[in-house]
Structures are given as structure tokens and as C-alpha cells.
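This report describes a buried position and the helices around it. The sequence and structure follow.

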Amino acid sequence: TTINPWDVMLCVSGTAIACENAIVVAIICYSPGLRTPMFVLIGSLATADLLAGLGLILNFVFQYVIRSETVSLITVGFLVASFTASVSSLLAITVDRYLSLYNALTYYSERTVLCIHTMLVGTWGVSLCLGLLPVLGWNCLHDYAACSIVRPLTKSNVTLLSASFFLIFIIMLHLYIEICKIVCRHAHQIALQQHFLTASHYVATKKGVSTLAIILGTFGASWLPFAIYCVVGDPDYPSVYTYATLLPATYNSMINPIIYAYRNQEIQRSMWVLFCGCFQSKVSFRSRSPSDV
């Protein structure tokens, strides 16, 4: 069987995703200090992206080594569940950041822990259910006319997944707009207390808003093309269109650990401890809170 170069690129992407996120998962599991709600959610995101990376690798192996309809269904279901958990974890992180600013005085409480655990159960429960749908019969193995651009998923299946993505994207957009308003309001209140807006406050506010724009822009640029094509595309169209929109979507899982984990100074310190063992820091690491957008 001739190997499709696009499948090779997806496999390479999956390998990079798995390696990056495996490090994040190892760091969070290894470090007892990283047990706060923020890091639990980052760990959930890294786990979902790690599974997505492994799913891309397995999909390549089973496509060219073990050709089986059953294995194909399981692999596709695994990928659907993993990427759904990844996108849902991003939403959970956004909600957490919003709550840390909106309810700053009561954020560090048992209620917040319960909220985080509820979001995690919901995230992985819904993702598992969506991943099981193809395996339980919602597939087009015996009805080609019902197939979507992602075989063996049906058109109605990918429409549901796309609609879920659009809903999550809209909710995240709304929450990040609210976060920007809160950040700017806090900066203005500080300026009023000090009777002027210092350059540092302006720079910090601008940096925070820019970071939010980068986060949402990266997420949208990665997933929107594929989600839109899932709705408007046809299985008779050249497969290159599917690959060309799916590949950038996988890059989101590659970028997530950089945005949400490796930039965090607590994780940076834990990484030095994990890999060096004898970390002697002369640098003052500042503990970041979820509100550090």
C-alpha cells in the first residue's frame, strides 16, 4: 500500500504532541505542589492532548499495518474522545480563569474545588460518550451515502461535533471578553487609587489582553477551518481538503502545552527539578495564579 504523505505528517504531528504533553503530565504528577485547581485543569488538557497524539500515531499504524473495520472504528472513536476532551478542557480552563477574577475573594474555597471536579467529570464524560458513538453503531461502514468527510463518521455525527465546537468557541469568546473587561477595570481602579496610570500598569494590561487574543486566536485558527469544512464538505471532494484542514487542528494540541504549561513559572521550576534533580535556583520564581492571563 502506498503511504499517503498527509498521513505521515499527521503521524509526525501526533508524535510531537504526545512527547510535549507527556512531559507536562509527568511534571504535574511528579510535583506535589501542583495540585491546585488551575494545574489540575492543565493536567486534564495535557492528558487529553497526549491521548490525541497517541491516537494519531495508532491511526497511522492501524491504517497501514492492521487494516480492520473494527480497529478503524475504535481508533476514530478514540480520536474523537481525545480531541473533544482537549477542546472541553480549554473551555474549563477559561471558566476557571473567569471565576478566579470574578470571584477573587472566594476562589480558594471548597466550592471552587467542587466546581473544578464537576467540570472535569462533565468534560471526560461527554467526551467518552461522543467517542463511543461510532463504535456503538453511529457510523457509515455499510452506508456510504451517509458518510462525512471523515470516514467512517456519518454526516450527522460530524455536524453534532462541529455544532458543539461552535458553541464552545462562542462561550470562550464571551468569557474572554468579560475577562478583558475585568482586567481593564482593575487597571483603571489601581490608576485611580494612585491618581495616574503608570507605564507598568498600561504594559501589564496590554500584555494580558494580548495574551487572551493570542489564546483565542490560536484556538480559532486551528479548529475553525476543520469545523466549517465538516459542515460544508462532501465525501466526494478530494481528500486533500480534509487533510489540509485537519492537520492545522492537530497543531492546537501541539501549541497548548506552550501556552498553558511551559510559560508557567511553577511548571518551569518543577521541570528543572524533574530533569536536573539538583536544582539550585538563583532566580526568583513567582507563583502564578489563574488570573494571570
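## Ser-86 and its surroundings

In this predicted model, the side chains of Ser-86 and Asp-49 form a polar contact at 2.5 Å. Ser-86 lies in helix α3. Its relative accessible area is 1%, so Ser-86 counts as buried, the cut-off being under 20%.

Apart from neighbours within four places in sequence, Ser-86 is in contact with Leu-45, Ala-48, Asp-49, Ser-253 and Asn-256. Of these, Leu-45 and Asp-49 are among the α2 residues that meet α7, and Ser-253 and Asn-256 are among the α7 residues on the other side of that contact.

## Helix α3

Helix α3 covers residues 69-102, 34 residues in total. From first C-alpha to last it reaches 49 Å, close to the 50 Å expected at 1.5 Å a residue. The helix is mostly covered, with 25 of the 34 residues buried.

## Packing of α2 and α7

Two packed helices are described by the angle between their axes and the distance between the axes. For α2 (residues 37-64) and α7 (residues 239-262), the axes come within 10 Å and cross at roughly 145°. This crossing is left-handed.

On the α2 side, the residues in contact are Ile-42, Leu-45, Asp-49, Leu-56 and Gln-63. They meet Tyr-243, Thr-250, Ser-253, Asn-256, Tyr-260 and Ala-261 of α7. By type, the residues of this contact divide into six nonpolar, four polar and one charged.

Conventions:
Residues numbered from 1 in each chain as written. Predicted model: local features only at pLDDT ≥ 70, side-chain atom pairs only at ≥ 80, totals over all residues. Heavy atoms only, no water. Axes fitted to C-alpha atoms, helices over the stretch in contact; angles between N-to-C directions. Helix = DSSP H or I, 4+ residues; strand = E, 2+ residues; numbered from the N terminus. Left-handed = near helix turned anticlockwise from the far one by under 90°. Contact = heavy atoms within 4.5 Å. Nonpolar A, V, L, I, M, F, W, Y, C, P; charged D, E, K, R; others polar. Expected span 1.5 Å × (residues − 1). Buried < 20%, exposed > 50% of the residue type's maximum accessible area, 1.4 Å probe, protein only. Polar contact = N/O pair within 3.5 Å; in protein donor to acceptor, adjacent residues only side chain to side chain.
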